[in-house]
Amino acid sequence: MTGLGLRDFWRQLRAPPDTLMLEIGAGGELLVAKLRAGLSLLLLLLPLVNIITGEFSPSEGTAGLLGVVLAVLFSQLWLLLARPPRRLRWLPWATASYDVTLTTLVLVLLALGSPAAGLNSMVVWAFYLVSILMTALRNDGRLTLYTGALAILQYGALAAAVFHLAHAPEQLASADYGTARISNVLQRELLLAIATAITATVVFRMQRLVELSGNDGLTGLPNRTLLVHRFPSLADGARENGGSLSICLLDLDYFRRVNDEAGRAAGDRALRHVVGVFRQALDHGDWLVRLGGEEFVLVMPLPTGRAWERMEALRRELAAAPFQPGRDDDPMRLTFSAGIASWPQDGNDLSQLLRRADLRLRRAKLEGRNRVVARDT
Ligand SMILES: Nc1nc2c(ncn2[C@@H]2O[C@H](COP(=O)(O)OP(=O)(O)OP(=O)(O)O)[C@@H](O)[C@H]2O)c(=O)[nH]1
């Protein structure tokens, strides 16, 4: 499994997903909410079909219609809550619990009419599987494990109640649904466990792929893909909270010399050294990305002036921490030049901000390097 063992699989599955996974998961939650709403609307047709075909019994039909209307109302509520820009962390847990429990309730209703129907209705039972499979779209391994365990527990409790309450073996038999047997229940519990394990593996694989595609292998920093994906939500957050947002494009000065004088492997170590120094100096809320080569972006929840002060402090930190290529080599002083652009005055989206920051970075280079430019003169 891409070089990872079972223990890593288990650890990663139980860990909270990172920001990117949560964002993809929020999109998945909306998709699931739309599917659920569409499916619930289709269920409305069932009582209508019964009326048309003359099989409508007033007592059962009214209860059924009421149930379907309730399901439609709930599905619309979940859809409303899943709409962006809201990202409710509890929502996937609530909707997965709802999906599983609704399936159990329908099975209970069937069991009240005929115990065998409650345990053997494959059409309704299959919604446990659907609920488990749909957690793959939310990209959270914990949610998959929880939903699988909930389905196994609820179906097990229903079966226990049915077998406990049945007084005679004839009560467990039905012309339409066959006979309810413990062995069948155990097989279905096993199927739910298998569906949970397969879905969990899919989630794990997806998490690994996102991790690989969103991170830079050399420094471990997020890469351009992640920046492009995440920036809109950072800007939305700043817009909603009336906050500030600045980006700083920074480029190491004369980095070619490091490669030329100390070798490319030392150049790689120098890049990791720089990132180490930056990481020590970053504040909570700052977000450092490797754009490519010796170019980085720092996203800060700060207005221009304070972002400039932060970058100046970072510049001094790096100047005070020279890079030592080898034990006997002379330390090399590394510096960077940087351009800052702030949202919204310098641009509304990432590409506008990067363009403006790049113009200022070029000026910093032209004016002698080792400096930060935040405004046009
Ligand atoms: N070791 C190593 N070098 C890299 C990596 N990515 C880019 N480089 C090198 O970084 C150097 C960038 O050189 P230039 O674009 O000419 O810029 P510079 O020498 O830093 O000079 P200025 O930016 O003008 O100050 C090149 O020699 C690239 O090969 C990397 O991942 N590892």
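**Notes on the predicted model**

1. Starting with the sheet: five strands make up an open sheet, ordered β4-β5-β3-β6-β7, with mixed pairing. The edge positions go to β4 and β7, each of which has a single partner strand, so one side of each lacks a neighbour in the sheet. Bear in mind that this is a predicted model.

2. Two of the pairings in that sheet can be spelled out. β3 and β6 are antiparallel and share 8 bridges, and here Leu-252 sits opposite Phe-336 in β6. β4 (residues 287–292) and β5 (residues 295–300) also run antiparallel, joined by 5 bridges. In that pair, Trp-287 faces Val-299 in β5.

3. Have a look at the link from β4 to β5 too. The two strands form a hairpin with 2 residues between them, and Gly-293, in the turn, has a positive phi of about 50 degrees. This glycine comes up again below, as one of the closest residues to the ligand.

4. On to the ligand. It is surrounded by 16 residues, and the closest are Asp-253, Phe-255, Arg-256, Gly-267 and Gly-293. Three elements give two or more residues to this shell: β3 (245–252), α11 (255–262) and α12 (264–281). Which of them gives the largest share of the shell? That is α12, with 4 residues. As for chemistry, the shell splits into 8 charged, 5 nonpolar and 3 polar residues.

5. Next, α13 (residues 304–319). Its 16 residues should span 22 Å at 1.5 Å a residue, and the end C-alpha atoms are indeed 22 Å apart, so the two agree. The buried residues in α13 are Ala-307, Trp-308, Arg-310, Met-311, Leu-314 and Leu-318. They take up an arc of only 160 degrees around the axis, which places them on the same side of α13. Note that an arginine, Arg-310, is in this buried set. Turned away from the buried side is a face with the exposed residues Ala-313 and Arg-316. The cover over the buried residues of α13 includes strands β3, β5, β6 and β7, along with helix α12.

6. Helix α14 (residues 350–366) can be read in the same order. With 17 residues, α14 reaches 24 Å from first C-alpha to last, close to the 24 Å expected at 1.5 Å a residue. Its buried residues are Leu-350, Leu-353, Leu-354, Arg-356, Ala-357, Arg-360, Leu-361 and Ala-364. Why do these residues line one face of the helix? Viewed down the axis of α14, the buried residues fall within an arc of 165 degrees, so one face holds them. Ser-351 and Leu-366 are exposed on the other side of α14, so a leucine can be found there too.

7. What do the buried residues of α14 pack against? They pack against α10 (224–241) and the strands β3, β6 (336–343) and β7 (372–373). Following α14 comes Gly-368, with a positive phi near 125 degrees.

8. Away from the sheet, I'd check Met-21, in helix α2 (residues 19–43). Is Met-21 buried or exposed? It is buried, because 21 other C-beta atoms lie within 10 Å and the cut-off is 20 or more. Apart from neighbours within four places in sequence, Met-21 contacts Asn-139, Gln-207 and Val-210. The C-alpha atom of Met-21 is separated by 8.9 Å from that of Met-206, which is 185 residues apart from Met-21 along the chain.

9. Leu-143 makes a similar exercise; its place is in helix α8 (residues 141–165). Leu-143 counts as buried because 24 C-beta neighbours are inside 10 Å. Not counting residues up to four places away in sequence, Leu-143 touches Pro-92, Trp-93, Ala-96, Thr-135 and Arg-138. Its C-alpha atom and that of Arg-14 are 8.9 Å from each other, with the two residues 129 apart along the chain.

10. Finally, the overall counts. The protein has 14 helices and 7 strands, and 34% of its 377 residues count as buried. Of the contacts between residues at least 6 apart in sequence, 71% join residues at least 24 apart.

Conventions. Residues are numbered from 1 along each chain as its sequence is written. This is a predicted model: local features need pLDDT of at least 70, side-chain atom pairs count only at pLDDT 80 or more; totals for chains, interfaces and linings use all residues. A residue is near a molecule or strand if its C-beta atom, placed from the backbone, lies within 6 Å of it. Ala, Val, Leu, Ile, Met, Phe, Trp, Tyr, Cys and Pro count as nonpolar, Asp, Glu, Lys and Arg as charged, and the others, Gly among them, as polar. Two strands pair if DSSP finds at least two bridges between them. The expected span of a helix is 1.5 Å times one less than its number of residues. A residue is buried if 20 or more other C-beta atoms lie within 10 Å of its own, exposed if 12 or fewer, and partly exposed in between; C-beta atoms are placed from the backbone. The arc is that of the directions from the helix axis to the C-beta atoms. Two residues are in contact if their C-beta atoms, placed from the backbone, lie within 7 Å.
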